[in-house]
Amino acid sequence: MMLAPRMRPVIAAVAGVVVFAWIVGQQDLWVRALSALFPGSVRPVYPAATVAELTLQHLRLVGISSGLTLLVGIPLGIWVTRPSGADFREIVSASVDFGQTFPPVAVLALMMPILGFGLWPAVVALFLYGMFPVVSNTVAGLEAVPGTLIDAARGMGMGRGRILLAVELPLAARVIMAGVRTSVVINIGTATVAAAVGAGGLGDPIIGGINVQNMAYVLQGATAAALLAIVADGLLAGAERLLTPRGLEA
Amino acid sequence: MITLRDVTKSYGEVTAVDRVSFEVPSGEVCVLIGPSGCGKTTTLRMINRLIEPTSGTIEIDGRDIMDSRPEELRRHIGYVIQSVGLFPHLTVAENVATVPKLLGWERRRYEPKALELLEIVGLPPAEYAEKYPRQLSGGQAQRVGVARALAADPPLLLMDEPFGAVDPLTRERLQAEFARIQRELRKTVIFVTHDVDEAIKLADRIALMRAGRLEQYDTPETLLDHPASKFVHDFMGSDRALKRLGRACVADVMRTDVESTTDGTRAIPREACTDSRFVYLTDESGVLEGWVDCRVLDAGTPPEDAGTPVDWREAAVHPETTLKDALSRMLGFGFRNVAVVDAQGRLVGEVSLAAIEATMADADTHIANLEEGEVLGALPDEEARS
């Protein structure tokens, strides 16, 4: 069967997800692999939770924080490119810039007195940290739409909302998706520090391993987080490809 | 009919368009022309409210444009721009269907219409409908732009330097096709250009603007022969006799009593050469295939060697070809005569350099009289006006 070229990365990404889910579900596999790598270790595998449980916690953390980032970041990027938001453009870009340069660990520390331990301080830190690529790519994607196209669209009688939905967003989709992809992949890695405030996830074995000086735990958490990042990157690359209008494909 | 009354557009201190008034009758082509910054594009864009006039009124068929919502107004006015502005993420057919979709037409109505329009602008739909804009040449893209503007059958078309960004050869073809489509569809067209030849070729009336003001609004002939000011005179150019040839077409001066034969060179009767230098060779249906120069026969060449086979697509002109283009064809080939054929290549006559010269001489005398005397001398000069 012939597959359309644009479907290939999607198929590959879905296959990646299946393989990843299988690996994560095989607790025995992790025990055997880590035992082989750390023959001297009495306990080569993090005991408090299975890899599958940790991964689900991690996904929840990333899902909530990245979801909020997209929910806020994309509309924010759109708004500052509209006449009504143009005045806020500088302050928004400075803020998201600051959000990314400010270390997430420091945000965690600052949020603890307000939000306490657990999921929510981590969500806030990751939400702020991931904003920059989403907002800046949304702005860049929309600005790259040629002014003559907007002029033609207006001249034919399209209203502002329709121009945004039917012309600007489809043409900016690829650039916006590239920002989303960057943001989510960074988030998956950064979310491991959230274990420091008790948010759980794949950071637990890493931080636990550092505390008890068990490098097997660290490797376990890091490997799973890295695989998750690779799989998510592939999945989002597939989505990017699908959202790219056919007329723009090279 | 489009009526502009004292239309003014100011940006702070600067007045881009200054109390411009003119009227374009339905079905006519009005070309707005003038040096850059004269306000021609601003004037055009006020008609579909892409720019709101500061004062004055614009009416389309008696209705003030300020009475409709801008979006609604624009959906009933075709709009073509120099940069074309095709949506790169949509196919050619989808691009053409843009306005019909905005108007809420159903697919079974807008789809055939889009295909029909592609046919009209010379892009076979079977080949082009599913292409994307990046797969088109500049000339093809602009044809799609014209088809898109015509899709909802608007009575009025605004065109902002539509043929400005293509090469000269393509531009000439697009102009000729525009003239043909306009003869069929009879839209009211407002056309902005800075190319005088284009204006002369396409316009029923020319509105010549300068620094926001309308200098003269009249037929191309009147602008050439009776310029209202030195500025108009200079802007239209010194080669006005030649430019005038752009207004007349071959059909006006060609002779139709040409000698032709379908029997090939062998059967050319000697008498055929008595009052005509060329005998044209055609096939049974009258399609031009070549000619015989009688002087060659006189020089003793046997008739079977005297024929010159030609391709009518290259060597002949059409009745609607301008005299300017016919002249340039003759100069290019080095002939003093050129055959005239219809769209299918059937011989319909012949046009001679002498006939074109006669037309030029008329115009020359006319213009020489103008320049020597009365009219131009009486024009107010620049300083006095400002």
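**Exercise 1. Determine which pattern chain A follows along the sequence.**

Solution. Step 1: read along the sequence, chain A has the pattern α-α-α-α-α-α-α-α-α-α. Step 2: the elements of chain A number ten helices and zero strands, where helices (H or I, at least four residues) and strands (E, at least two) are DSSP runs numbered from the N terminus. Step 3: the C-alpha trace of chain A spans about 75 × 55 × 20 Å along its principal axes.

The model is predicted, so local features need pLDDT of at least 70 and side-chain atom pairs count only at pLDDT 80 or more, while totals for chains, interfaces and linings use all residues. Residues are numbered from 1 along each chain as its sequence is written, chains are lettered from A and ligands numbered from 1 in the order in which they are written, and side-chain values use heavy atoms, with hydrogens and water left out.

**Exercise 2. Describe the contact between chain B and chain A.**

Solution. Step 1: chain B contributes 22 residues and chain A contributes 21 residues to the contact, which is defined by heavy atoms within 4.5 Å. Step 2: the size of an interface is often given as the accessible area lost when the parts come together. Here about 1,800 Å² is buried between chain B and chain A, and carbon and sulfur atoms give 61% of that area. Buried area is the accessible area (1.4 Å probe) that two parts lose on being put together, summed over both. Within chain B, Phe87(B), His89(B) and Leu102(B) lose the most area to chain A, together 30% of what that side buries.

Step 3: one salt bridge is counted between chain B and chain A, the term denoting a side-chain nitrogen of Lys or Arg within 4 Å of a carboxyl oxygen of Asp or Glu. Asp151(A) forms a salt bridge with Arg45(B), with the closest N and O atoms 2.9 Å apart. Step 4: on the side of chain B that touches chain A, the elements giving two or more residues are helix H2 (70-75), strand E6 (77-81) and helix H4 (98-102) of chain B. By class, this side of chain B has eleven nonpolar, five polar and six charged residues. Ala, Val, Leu, Ile, Met, Phe, Trp, Tyr, Cys and Pro count as nonpolar, Asp, Glu, Lys and Arg as charged, and the others, Gly among them, as polar.

**Exercise 3. State how domain 1 and domain 2 of chain B are placed and joined.**

Solution. Step 1: chain B is assigned domain 1 (2-244) and domain 2 (251-358), with bounds from an automatic or database domain assignment. Step 2: the C-alpha centres of these domains of chain B lie 38 Å apart, and five residues from each domain take part in the contact. Step 3: the two domains of chain B bury about 370 Å² between them, 55% of it on carbon and sulfur atoms. Step 4: one salt bridge is counted between them. The side chains of Lys324(B) and Asp197(B) meet in a salt bridge at 2.9 Å, N to O.

**Exercise 4. Explain why strand E15 and strand E17 of chain B each have one side without a neighbour in the sheet.**

Solution. Step 1: in chain B, three strands form an open sheet of mixed pairing, in the order E15-E16-E17; two strands pair if DSSP finds at least two bridges between them. Step 2: strand E15 (316-317) and strand E17 (347-352) of chain B stand at the edges with a single partner strand each, so one side of each lacks a neighbour in the sheet. Step 3: strand E16 (residues 337-341) of chain B pairs with E17(B) in the antiparallel sense over five bridges. Val338(B) has Val351(B) in E17(B) as its bridge partner.
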